[in-house]
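Reader: I have the sequence and the coordinates open, and I would like to go through the fold with you step by step. Could we begin with a helix and work outwards from there?

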Amino acid sequence: MARVLIVGAGLTGSLCAALLKKETARPLHLVVWDKAGDSGGRMTTANSPHNPQSTVDLGAQYITRTPHYAKKHQSFYDELLVHGILKPLTSPIEGMVMKEGDCNFVAPQGVSSIIKHYLKESGADIYFRQCVTQINLRDDKWEVFEEAGSPEQFDIVVLTMPIPEILHLQGDITNLASSEIGPSLVIHTTVPFGVTYLEHSIENVQKLIFQQLETILPGLPRPVATKCQKWRYSQNFVHRSATNLAFTFSGETAEKQITVIREGVLSWEVTSWLTVTKVLTRRVKSIQSLPIRTKFYQPISANKIPHLRKPKK
């Protein structure tokens, strides 16, 4: 029986474990590790020390189902509604922007109950306070080290923790990126930003883009090469499930090529800026063609930068 380790007990890790149990034909021994003391990740629910029934969601407070996801993932919502894990949000929230067709849900038992449901469905062995530090390849198996205990071997390892944590891992997987070929980072600006700075110099626009990038990805290594491209005229359409930010890690063979994408909506209209940054680093970590889910990337907008906001009339 193949041993599968999933690192991270958040939404991605728990759902990955449940789907592996449900969709895989052959039997698997699933193991989930998380460095925290409980499951949830960025969907954590805290309990009052005086009353366990008193809870507060520290991450996401409600779930929005768009028409696109209702069509694509309705079975997931139906399952959570049937089990009472989700229920429709009926109370108003100040400042909430509702789009046509959107439907919001809350988790009565705390948003982390979604993660706990999927972990239970997976039947995985779950271990907390397991902080992975190193991964090596030994006799066609992955040898995984954590801070406190002895290394364990697995046939498959799935990394679902945030990318900065993956980049700090040590071991043989550092060989997936050579010292001369680092990852490339592509940044798309929004149309309003492009219109505002259409006639500005490339140097000034590039500086503004990098300033905003620092707030999204603090501590990013300095690039060894940068190309800033201005598109004065481009197509006018909206394409769903496009990439609005992508890293490409290239190795010597196709098996060593990994692309990290985020599903979203990318719109080309009048003009936009495109910056491609080449980063020189050895610390690119992943395992073969393992997909990694990201949430914190977003297009750069002029409205996101304080001194670029249009004055109110």
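**A helix and its surroundings**

Author: In α3, the residues that count as buried are S112, S113, I114, I115, H117, Y118, L119 and S122. The model is a predicted one, and the values discussed here are computed from it.

Reader: How many of the residues of α3 are buried?

Author: Helix α3 spans residues 112-122 and is largely enclosed by the rest of the structure, because most of its 11 residues are buried. An α-helix has 3.6 residues a turn, so residues three or four places apart point the same way. The number of buried residues in α3 is eight.

Reader: Against which elements do the buried residues of α3 pack?

Author: The partners of these buried residues include two helices, α1 (11-23) and α2 (67-82). Strands also take part in this packing, and they are β2 (28-34), β3 (45-47), β5 (63-65) and β8 (125-128). The full set is therefore α1, α2, β2, β3, β5 and β8.

Reader: Which residue follows α3, and what is the sign of its phi?

Author: The residue that follows α3 has a phi near 70°. The residue is G123, and the sign of its phi is positive.

Reader: Which element gives the largest share of the largest nonpolar core?

Author: This core has 24 residues, and those touching the most other members are I6, V32, M43, I63, L80, L86 and I114. The elements that give two or more residues to the core are β1 (2-7), α1, β2, α2 and α3. The largest share amounts to four residues, and the element that gives it is α3.

Reader: Which residues does M43 touch, leaving aside residues up to four places away in sequence?

Author: M43 is among the core residues that touch the most other members. Among its contacts, S112, I114 and I115 are also buried residues of α3. With residues up to four places away in sequence not counted, M43 touches L11, I63, V111, S112, I114 and I115.

Reader: How many residues does the other core have?

Author: Another core lies apart from the largest one, and its members include L5, F154, I166 and L169. The number of residues in this other core is 15.

Reader: In the sheet that holds β5, β6 and β7, what is the order of the strands?

Author: Strand β7 (residues 103-106) is joined to β5 by three bridges, and the two run antiparallel, while β6 (residues 87-88) pairs with β7 in the antiparallel sense over two bridges. F105 in β7 is the bridge partner of I63 and also of P88. The edge strands, each pairing on one side only, are β5 and β6. The sheet is open, and its order is β5-β7-β6.

Reader: Which helix packs on this sheet, and what angle does its direction make with that of β5?

Author: The helix touches β5, β6 and β7. It is α2, and its direction makes an angle of about 130° with that of β5.

Reader: Why is one side of β9 and of β11 left without a neighbour in their sheet?

Author: The open sheet of three strands has the order β9-β10-β11, with antiparallel pairing. Neighbouring strands in it are turned by 30° against each other on average, direction ignored. β9 (132-138) and β11 (152-154) stand at the edges, so the reason is that each has a single partner strand.

Reader: Over how many bridges do β9 and β10 pair?

Author: β10 covers residues 141-146, and its pairing with β9 is antiparallel. Within this pairing, V132 stands opposite E146 in β10. The number of bridges is six.

Reader: Are D139 and D140 buried or exposed?

Author: D139 lies in the loop between β9 and β10, as does D140. Neither is a glycine, yet D139 has a positive phi of about 55° and D140 one of about 65°. Exposed means over 50% relative accessible area, and with 74% for D139 and 71% for D140, both count as exposed.

Reader: How many disulfides are counted?

Author: C103 is partly exposed, with a relative accessible area of 22%, whereas C228 is buried at 9%. The count of disulfides is zero.

Note on methods: Residues numbered from 1 in each chain as written. Predicted model: local features only at pLDDT ≥ 70, side-chain atom pairs only at ≥ 80, totals over all residues. Heavy atoms only, no water. Pairing = 2+ DSSP bridges. Axes fitted to C-alpha atoms, helices over the stretch in contact; angles between N-to-C directions. Disulfide = S-S within 2.5 Å. Buried < 20%, exposed > 50% of the residue type's maximum accessible area, 1.4 Å probe, protein only. Contact = heavy atoms within 4.5 Å. Core = buried A, V, L, I, M, F, W, Y, C linked by side-chain atoms within 4.5 Å.
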